[in-house]
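Thank you all for coming. I would like to walk through one model this morning, taking its empty spaces and then its charged pairs in turn. Please keep the structure open while I talk.

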Amino acid sequence: MCDSRLCACPSKKPAGKKSAGKERLENIRNDYEKFMKTEGKSLLKKYLTKEVFDVLQTRVTSHGSGLKDVVQSGFANPDSSIGLYAPDPESYDVFAELFDPVIEEYHHGFAKDAVHPDVDWGNIDDLGNVDPEGRYVLSTRIRCARSVQGYPFNPSMNEAHYREIEDKVRAAISFLEGDLKGTYYTLDSMDYETRQQLIDDHYLFKEGDRFLIAANASRYWPTGRGIFFNNDKTFIIWCNEEDHMRLISMEKSSNLGSVCSRLTRVIQQIEKHIAFTRHPRLGYLTFCPTNLGTTIRASVHIRVPNLSKNFEKFQEIADRYKLQIRGSRGEHSKSEDSVYDVSNKRRLGLTEREALLEMRNGVVELIKQEKHFEGERI
């Protein structure tokens with residue numbers, strides 16, 4: 001008989017005890033069955049068919065991300081419109097059977113064999129000022145997201161990743177000069193009063209989004225998180241909120257060209273020090289599949305009382321120019337004093353120049369129609 005103290009044979013597992021791998025697999029199968037019985041119309045529910053689930057349930061990326069990391073937010077929130085996130089850059093390929101159809105539907109027909117074009121900001125002078133009289137547009141904002149090459153996304157980041165990325169961001173922005181020069185504030189050492197004031201002033205992000213929490217995107221909070229803004233507060237960088245970096249250029253004017261110029265100058269400077277994650281087919285990658293390609297969201301706060309009363313016409317123009325209408329305070333908010341947040345819908349499958357011109361031309365048309373309702377001769 002074998003002496004257990006000396007034998008090199010694999011030890012037997014206690015009866016009834018499952019391996020960690022088998023237990024994880026059983027858990028996600030149970031979670032999937034429960035999820036499919038819930039009410040909801042998310043893209044996750046639409047495209048995570050039993051056939052696709054069976055194919056993907058055991059796949060793992062080199063960062064150790066599995067299907068659970070992709071779908072856990074959508075499973076916990078059946079009312080999601082999308083329901084899935086990419087825990088690392090590889091996920092877009094490893095779990096392509098799920099991501100590809102979601103991307104195709106959300107991004108208006110960007111098929112699995114489509115290729116996002118190369119970076120092209122075009123001639124920024126062409127953007128100009130969309131409301132030279134200053135009667136309708138209150139402010140203009142352009143934001144884009146960037147991921148640091150070599151790092152996973154939430155939830156596959158560990159505490160060291162958050163700190164390393166913050167260090168890289170701080171080092172890169174230390175080279176900004178002139179009107180771009182500013183100060184970086186880390187949430188680790190920021191007092192409550194300062195943090196709350198920045199949130200109230202709509203400069204700083206905050207913890208608590210249930211979709212991100214369920215996606216394990218808020219771990220180690222506030223470690224590695226912070227905000228940079230230039231001295232004029234016309235440029236902001238968020239570090240390690242939802243994405244590694246959110247770059248935001250803005251001003252209280254309708255000068256789209258000025259806002260875009262500031263953004264491109266910052267990006268060019270940071271690219272000298274940080275390599276960004278870019279996919280050969282999908283362009284720039286981020287945590288959320290809704291924000292790929294250019295990752296650009298260009299928006300204006302515009303006051304249109306007449307179109308507000310003729311919302312069907314308002315929506316018709318927005319649809320024609322592929323614009324998104326939101327309330328005064330962004331997604332899921334209502335309009336205040338007939339002010340709306342209007343932005344481009346398309347980010348993937350077109351150049352930066354095309355995305356910005358699409359937004360510009362749509363806003364110009366909105367102003368034209370608002371004047372028409374005022375009884376002005378166009």
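Let me begin with enclosed space, where the structure holds one cavity of 30 Å³ or more, and the largest cavity contains about 40 Å³ of space. Its lining is made up of Trp121, Asn123, Asp126, Leu127, Arg353, Leu356 and Leu357, and if we sort those lining residues by class we find four nonpolar, one polar and two charged.

Before going further, I should say plainly that this is a predicted model. The protein chain has a mean pLDDT of 91, with 93% of its residues reaching 70 or more. The stretch to treat with care is residues 1-13, where pLDDT stays under 50 and for which the model has two contacts beyond four places in sequence.

Now to the open spaces, and in particular to the second largest pocket, which holds about 360 Å³ of space. Which elements give two or more residues to the lining of this pocket? They are α1, spanning residues 20-36, and α4, spanning residues 67-76, and of the elements it is α1 that gives the most, with seven residues. The lining of the second largest pocket comprises 17 residues in total, and those that lie nearest its centre are Arg24, Leu25, Gln57, Gly66 and Lys68. By class, this lining has four nonpolar, seven polar and six charged residues.

While we are looking at helix α1, let me point out Asp31, which has its place in that helix. Is Asp31 buried, partly exposed or exposed? Asp31 is partly exposed, because its relative accessible area is 33%, which falls between the 20% limit for buried and the 50% limit for exposed. The C-alpha atom of Asp31 is separated by 9.3 Å from that of Ala76, although the two residues are 45 apart along the chain.

That brings me to the charged pairs. As general background, side chains of opposite charge can pair when their charged atoms come close. In this model the count comes to 19 salt bridges, and I will go through three of them before turning to a network.

The first I have chosen is formed by Asp54 with Lys50, where the closest N and O atoms are 2.8 Å apart. Both residues lie in helix α3, residues 50-56, and they are four residues apart, which is about one turn of the helix. Asp54 counts as partly exposed, because its relative accessibility is 36%, and Lys50 is also partly exposed, with a relative accessible area of 45%.

My next example is the salt bridge between Arg246 and Asp243, with the closest N and O atoms 3.0 Å apart. Where do these two partners stand, buried or exposed? Arg246 is buried, and Asp243 is buried as well.

The last of the three is the salt bridge that Glu251 forms with Arg262, whose closest N and O atoms are 2.7 Å apart. This pair links distant parts of the chain, eleven residues apart, with Glu251 in strand β5, residues 245-251, and Arg262 in helix α10, residues 256-270. Glu251 and Arg262 are both buried.

Finally, salt bridges with shared partners join four residues into one network, namely Glu133, Arg135, Lys371 and Glu374. I will stop there and take questions.

How values were computed:
Residues numbered from 1 in each chain as written. Predicted model: local features only at pLDDT ≥ 70, side-chain atom pairs only at ≥ 80, totals over all residues. Heavy atoms only, no water. 1 Å grid on protein atoms, 1.4 Å probe; cavity = no way out; pocket = protein on both sides within 12 Å on 5 of 7 lines; lining within 4 Å. Points joined across faces, edges and corners; volume = space filled by probe spheres on them. Nonpolar A, V, L, I, M, F, W, Y, C, P; charged D, E, K, R; others polar. pLDDT = per-residue confidence, 0-100. Contact = heavy atoms within 4.5 Å. Buried < 20%, exposed > 50% of the residue type's maximum accessible area, 1.4 Å probe, protein only. Salt bridge = Lys/Arg side-chain N within 4 Å of Asp/Glu carboxyl O.
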